[in-house]
Amino acid sequence: MDVNKKDAAKETLLKEIARCRSCRFCVDVCPTYQASEGVESMSAYGRLQIIKYLLNGILEFDDSLTYFLYSCLQCRRCEVICKGKGQDIDICKVFQMGRSLLSQNLVQGSSNEKI
Amino acid sequence: MRASFTGQPLDRIWFVKCRFARRKYLNRRLIFMDVDLKKLTKDLAKLVGKENAFTDRPTALAYAKDAMPWDVEEQNIPYAVVRPDSSQEISRVLRYANEKKIPVHTHGSGTSLVGLGRPKTNCIVLDMGRMKGLEIFPERGYFEVEPGFHIAKLRKALAPYNALLPAFPGSELVATIGGVVSVNTSAHAIDATLCKPGDYVLGMEVVLPTGEILQTGTESTRKPAGIEATKFLVGSEGLLCVITKIRMRLIPLPYLGNIVAYYNRTEDILDTVMAMYKQGIPTPMFFEYLDEKSSKVGFEAVGLKAPPGAVAMITIDSSTQVGCEEKTRKFLEFLKVGNPIEAKIVKDKGEWAQIWSSRAEAGNYIYRLGSTFGSEITVRVDKLKEAFHEAQDIILNLESYKGNEFYSFGHIGAPTIHAYAFIPTKDIPNDVKKAVAKEVRDKTEELNVKYGGCGGEWGLTAQRATFLKKKYGEVYYNFLVNLKRTMDPNNILNRGNLEGWM
């Protein structure tokens with residue numbers, strides 16, 4: 001991905017995540033949150049936060065992050081609740097874009113580079 | 001010279017001493033702690049099990065943010081998150097944290113609207129999500145529930161016992177009973193009808209910051225008279241203890257009747273509420289309103305035609321069906337006092353669900369259109385109209401932002417006005433978000449001070465600690481600080497909330 005495309009993707013992602021109101025309605029419906037017996041970093045809300053902090057440099061790229069982002073089943077239960085009760089965010093699309101940006105770093109092998 | 005309780009004069013040195021001690025107590029954030037994360041991970045894993053102790057940064061960050069519009073800062077990020085599943089485990093964590101002087105932040109579901117859900121200092125987050133036990137004892141007239149149980153699920157679990165859960169937060173799908181009792185909020189319900197959840201709490205099990213486990217209250221449906229710990233631990237906002245079990249009375253489910261009333265102006269609804277109290281009309285269980293602009297957003301959000309003006313939604317309760325019908329009919333008659341365009345009883349459950357959800361959705365949908373900055377105005381009921389106009393004036397003339405709009409809705413029968421500043425974009429710098437939130441909160445809270453209100457839903461610390469000082473003065477505030485110091489000598493629990501750190 002060239003630099004311009006990467007910047008555009010980053011901007012789109014941050015804009016979409018900025019719509020989140022932190023109502024946390026998407027936390028409890030997430031099957032991976034339930035399977036982990038309630039760890040918020042394993043919920044849709046947690047993943048949105050993780051991607052946001054990766055993009056703004058608070059979190060640094062780390063292999064363990066792939067676990068949080070790739071554990072999402074893309075079942076879209078979070079999107080259903082977000083559409084009905086929250087802000088109608090394309091949560092799964094955000095995760096896919098987040099994964100794609102992470103993969104770029106994996107491929108490049110720059111394990112400490114901020115996205 | 002002021003006198004103490006014993007009649008002895010309190011000299012200036014005493015006051016200076018107290019002020020110095022309080023400042024030292026409240027300034028603990030400034031002392032940077034030397035926390036060895038590796039050791040902390042190891043120690044916490046021993047206390048709650050490896051699978052329930054997390055010190056990785058992504059997990060810590062997932063617990064750092066709440067509904068406050070501005071981003072987290074370094075001091076908000078926890079050192080660790082632990083998920084205990086018993087009061088014994090919580091006791092061990094608190095004993096350890098107290099000994100090491102590490103702050104502990106209790107996390108229910110993090111849905112507070114006044115910053116209670118965000119850690120104010122690096123800390124151990126105590127996630128109560130695994131504390132979900134429930135036992136219902138119809139023969140004893142109560143149920144016992146652990147704090148992590150979600151309100152909506154608890155309501156469902158109580159339904160077969162024909163029991164009403166006296167708490168109605170908008171976030172009930174995720175809000176926990178522990179949070180509700182910690183803040184003592186009935187949320188949308190009218191206090192004059194249903195009181196507060198704390199009024200139905202018969203007793204609790206709590207863990208003190210020093211690790212001792214206390215049992216309070218009674219197993220009888222007869223509540224203790226006289227001094228009893230339940231009363232001041234309910235509503236203590238996680239400052240004095242961690243609640244681990246709540247014993248609550250089973251309240252028989254009443255019959256309900258619903259009314260929707262359409263008005264030209266919000267003022268007509270305010271007149272109605274003022275008349276309701278003045279004339280001694282029995283208050284309903286719910287009396288919600290949407291102002292002219294909010295009603296349009298809310299109704300369209302649920303697929304209804306936009307109403308011509310403001311809307312009131314009222315739910316009447318009674319222990320018998322006949323009584324309910326009679327009470328609803330009488331209330332409909334009373335509503336003429338506010339000259340509604342139309343007021344009608346809604347019997348169809350589907351129709352009512354749609355109308356009722358328009359109130360809930362208004363807040364969500366307004367936020368979809370931009371950014372909102374809310375307030376909670378709960379003034380003396382005879383000053384409701386003045387307060388509403390002043391709130392409108394405040395919101396439309398902010399110093400920190402020009403060109404915002406005014407929206408309002410809320411539990412007007414309680415009375416609560418949620419006056420919102422709306423900015424039609426999400427692209428606002430962090431410092432402006434903080435400034436607008438602070439200005440809206442500070443100025444609308446001056447109305448609560450001016451007109452005898454205190455807030456009845458969102459809790460009183462975190463962002464609102466300054467309000468406590470303004471409303472009640474330094475002596476009252478010091479009393480709370482001293483109370484906290486007595487129970488939490490190292491100020492580990494929810495540090496920063498009583499101090500008002502943003």
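Two strands are taken to pair if DSSP finds at least two bridges between them, and in this predicted model strand 8 (residues 201-207) of chain B and strand 9 of chain B meet that description, pairing in the antiparallel sense over three bridges. Within this pair, B:V207 has B:I213 of strand 9 of chain B as its bridge partner. Both strands belong to an open sheet of five strands in chain B, arranged in the order 5-6-10-8-9 with antiparallel pairing. The edges of this sheet are formed by strand 5 (134-137) and strand 9 (213-215) of chain B, each of which pairs on one side only. Direction ignored, neighbouring strands of the sheet are turned against each other by 10° on average. Helix 4 of chain B packs on this sheet, where it touches strand 8, strand 9 and strand 10 (242-249) of chain B, and the direction of the helix makes about 45° with that of strand 8 of chain B.

A further open sheet of chain B consists of four strands in the order 1-2-4-3, and here the pairing is mixed. Strand 1 (53-54) and strand 3 (104-107) of chain B are the edge strands, each pairing on one side only. Strand 2 (residues 80-82) and strand 4 (residues 124-127) of chain B run parallel and are joined by three bridges, and in this pairing B:V81 is matched with B:V125 of strand 4 of chain B as its bridge partner. Helix 2 (residues 37-48) of chain B packs on the four-stranded sheet through contacts with strand 1 and strand 2 of chain B, and its direction makes about 5° with that of strand 2 of chain B. Helix 4 (residues 87-100) of chain B, already described as packing on the five-stranded sheet, also lies across strand 2, strand 3 and strand 4 of chain B, where it runs at about 165° to strand 4 of chain B.

Strand pairing is also found later in chain B, where strand 13 (residues 286-290) and strand 17 (residues 405-410) of chain B run antiparallel and are joined by two bridges. In that pairing B:L290 stands opposite B:F409 of strand 17 of chain B. Strand 17 of chain B is in turn paired with strand 18 (residues 418-423) of chain B, again in the antiparallel sense and over five bridges, with B:A421 of strand 18 of chain B serving as the bridge partner of B:F406.

At the level of domains, the assignment for chain B gives domain 1 (29-129 + 466-487), domain 2 (130-252) and domain 3 (255-450). The C-alpha centres of domain 1 and domain 3 of chain B lie 34 Å apart, and eight residues of domain 1 of chain B are in contact with 10 residues of domain 3 of chain B. On the domain 1 side of this contact in chain B, the residues comprise four nonpolar, one polar and three charged.

Helix packing was examined in both chains. In chain B, the axes of helix 15 (residues 465-472) and helix 16 (residues 474-487) come within 6 Å and cross at roughly 130°, an angle that makes helix 15 of chain B oblique to helix 16 of chain B. The contact brings B:L468, B:K469 and B:Y472 of helix 15 of chain B against B:E474, B:Y476 and B:Y477 of helix 16 of chain B, and its residues divide into four nonpolar, no polar and two charged.

In chain A, helix 4 (residues 44-55) and helix 5 (residues 63-70) pack at an angle of about 140°, with their axes 10 Å apart, and these two helices of chain A are therefore likewise oblique to each other. The crossing of helix 4 and helix 5 of chain A is left-handed. A:R47, A:I50 and A:L54 of helix 4 of chain A meet A:L65, A:F68 and A:L69 of helix 5 of chain A, which gives a contact of five nonpolar, no polar and one charged residue.

Between the two chains, 26 residues of chain B are in contact with 26 residues of chain A. On the chain B side, the elements that give two or more residues are helix 3 (57-62) and helix 12 (349-368) of chain B, and the largest share, five residues, comes from helix 3 of chain B. By class, this side of chain B has nine nonpolar, eight polar and nine charged residues.

Methods:
Residues numbered from 1 in each chain as written. Chains lettered and ligands numbered in written order. Predicted model: local features only at pLDDT ≥ 70, side-chain atom pairs only at ≥ 80, totals over all residues. Domains from an automatic or database assignment. Contact = placed C-beta atoms within 7 Å. Nonpolar A, V, L, I, M, F, W, Y, C, P; charged D, E, K, R; others polar. Axes fitted to C-alpha atoms, helices over the stretch in contact; angles between N-to-C directions. Parallel < 35°, antiparallel > 145°, perpendicular 65-115°, else oblique. Left-handed = near helix turned anticlockwise from the far one by under 90°.
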